[in-house]
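Reader: Please choose one residue in this model, look at it closely, and then lead me outward from there to the parts around it. I am in my first year, so please explain each term when it comes up.

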Amino acid sequence: MLSFFYLSTLLAIAAACGFPHGFEKRDLAKTAITNVHVWDGNKFPNSVSTVVFINGRLANAPASNATIIDGKGGYLLPGFIDAHCHIQECSYLNAMRQYGITTALDMGSFPISTVDACRATGVTDVRTSGAGGTVNGTFLSNTPGFPADSYIVDPESGRTFVQNRISKGADYIKVVLDPLGPDEATLAAVVQAAHAANKLVIAHSTTYADYSLAEAAKVDIPCHAPLDKAIDAPSLANLTANQMTTVPTLIMMQSIVNNTHAPYQAYTLNAQGSVVNMHQAGVPILVGTDANASPYVPANPPFGASLHQELQLLVQAGLSPVDAIRGATSLAAQKFQLYDRGSILPGLRADLVLLSADPTTDIHHSLSIEKAWVEGVEYDPSN
């Protein structure tokens with residue numbers, strides 16, 4: 001409020017005494033994108049309109065005195081959100097921005113300081129869980145440099161793990177489910193401690209049994225679609241009763257099957273089949289890729305491009321293009337409690353992507369990126 005008062009006073013004095021040269025014809029960092037079809041959360045209207053943002057925030061303001069960008073009849077969406085990726089290096093965020101991804105949700109990079117160092121103006125915004133919780137002897141626990149405070153062997157260590165992650169600045173809590181553990185009591189303790197601190201719990205769940213454990217402990221968001229058995233009626237009943245959301249990362253599951261030479265039915269019947277069943281049952285589905293550059297995992301979906309591949313795979317699994325777009329924008333923002341983004345509404349971050357073609361008629365058009373803005377800072381892929 002004080003900063004607004006001082007700004008208002010400064011502008012009033014400038015108006016009375018005369019604006020400095022070059023200041024009088026422009027508002028501070030005011031931009032207007034004109035002649036554009038604007039996503040309303042459900043569709044693109046037939047008519048074109050104008051979107052204005054000031055200092056990185058969408059505004060209900062006229063386009064006068066703004067920098068004008070002609071949308072050329074294109075299609076303006078909220079910036080895409082990748083709901084599952086691994087940011088080990090800051091350069092990955094530049095690749096994501098190139099593909100219209102304005103928010104990256106890191107799921108397990110460590111230490112947290114590595115991710116914190118990547119936060120910068122105009123670069124894809126990143127949130128993180130820090131290292132996931134697991135038990136000794138799992139694949140994750142053998143990763144070089146894995147922190148000892150991520151072992152969750154009983155309910156008390158699970159609660160301590162949550163406290164440690166929160167104290168280091170984690171935005172949400174990640175747990176890796178494995179046949180070795182954690183058990184249901186430990187996972188439930190993690191969920192209860194996280195929820196008491198208003199933090200979501202995301203679970204690495206690549207098998208049907210993992211989903212069953214996540215459902216029993218009331219995890220918020222199981223990630224990955226199972227490769228061993230499709231989600232069926234009993235599991236769907238638990239998912240819907242617990243109001244759970246999923247991030248199936250089909251591009252990762254398909255890549256694992258391809259790279260390990262597993263029977264392709266593991267993908268088509270089990271992973272893709274799970275998405276078909278969950279979508280038909282009304283389970284919210286978000287768009288995440290598991291993009292990573294780690295040498296310790298069986299597949300490395302590329303940063304940025306894989307989100308558009310995921311959109312295509314979700315549509316192949318029965319989602320409409322509109323459903324898939326929501327899963328990468330407004331629904332992802334809602335489910336991860338990022339209430340300042342995900343839609344094109346006054347007051348929200350100016351996280352935007354301008355397409356030259358309508359992705360609701362063909363989801364492949366999500367790649368027709370002309371420009372993107374991260375909190376109002378423009379990125380032009382052609383430059």
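Author: Let us begin with histidine 261, which is exposed, with a relative accessible area of 71% (buried means under 20%, exposed over 50% and partly exposed in between, with a 1.4 Å probe and protein chains only). The model is predicted, and local features need pLDDT of at least 70, side-chain atom pairs count only at pLDDT 80 or more, and totals for chains, interfaces and linings use all residues. Residues are numbered from 1 along each chain as its sequence is written, and side-chain values use heavy atoms, with hydrogens and water left out.

Histidine 261 sits in the loop between H8 and H9, where helices (H or I, at least four residues) and strands (E, at least two) are DSSP runs numbered from the N terminus. The backbone of histidine 261 has a positive phi of about 60°, although this residue is not a glycine. As background, most residues other than glycine have a negative phi, and most peptide bonds are trans. Asparagine 198 also has a positive phi of about 60° without being a glycine, and it is found in the loop between H5 and strand S9 (201-204). Asparagine 198 is exposed, with a relative accessible area of 57%.

Two loops hold a cis peptide bond. One cis bond joins phenylalanine 110 and proline 111, with omega about -5°, and proline 111 lies in the loop between S6 and helix H3 (112-116). Another joins glycine 181 and proline 182, with omega about 5°, and proline 182 has its place in the loop between strand S8 (173-176) and helix H5 (184-196).

From the loop of histidine 261, the two flanking helices lead us to H10, since helix H8 (250-260) and helix H9 (265-281) are among the elements that cover the buried residues of H10. The cover also includes strand S5 (80-85), strand S6 (101-106), helix H11 (321-327) and strand S12 (369-374). The residues of H10 that are buried are Ser306, Leu307, His308, Glu310, Leu311, Gln312, Leu313 and Leu314. Helix H10 has 12 residues (305-316), which at 1.5 Å a residue should span 16 Å, and its end C-alpha atoms are 17 Å apart, which agrees (the expected span is 1.5 Å times one less than the number of residues). Just after H10, glycine 318 takes a positive phi of about 115°.

Strands S5 and S6, named above as part of that cover, belong to an open sheet of three strands in the order S5-S6-S7, with parallel pairing (two strands pair if DSSP finds at least two bridges between them). At the edges are S5 and strand S7 (125-128), each of which pairs on one side only. From one strand to the next, the twist averages 20°. S6 and S7 run parallel and are joined by four bridges, and threonine 103 stands opposite aspartate 125 in S7. Helix H2 (residues 91-98) packs on this sheet, touching S5, S6 and S7, and its direction makes about 135° with that of S6 (axes are lines fitted to C-alpha atoms, for helices over the stretch in contact, and angles run from 0 to 180 degrees between N-to-C directions).

Within strand S6 lies threonine 102, which is buried, with a relative accessible area of 2%. Leaving out residues up to four places away in sequence, threonine 102 touches Gly79, Phe80, Thr124, Asp125, Asp351, Leu352, Trp373 and Val374 (contact means heavy atoms within 4.5 Å).

Another strand to look at is S1 (residues 30-38), in which eight of the nine residues are buried, so S1 is largely enclosed by the rest of the structure. S1 pairs with strand S2 (residues 49-54) in the antiparallel sense over five bridges, and here alanine 32 stands opposite valine 52 in S2. Seven bridges join S1 to strand S4 (residues 67-78), and these two run parallel, with threonine 34 opposite aspartate 70 in S4.

A last stop is a pair of helices. The axes of helix H6 (residues 208-217) and helix H7 (residues 233-241) come within 10 Å and cross at roughly 35°. Tyr208, Tyr211 and Glu215 of H6 make the contact with Pro234, Ser235, Asn238 and Leu239 of H7.
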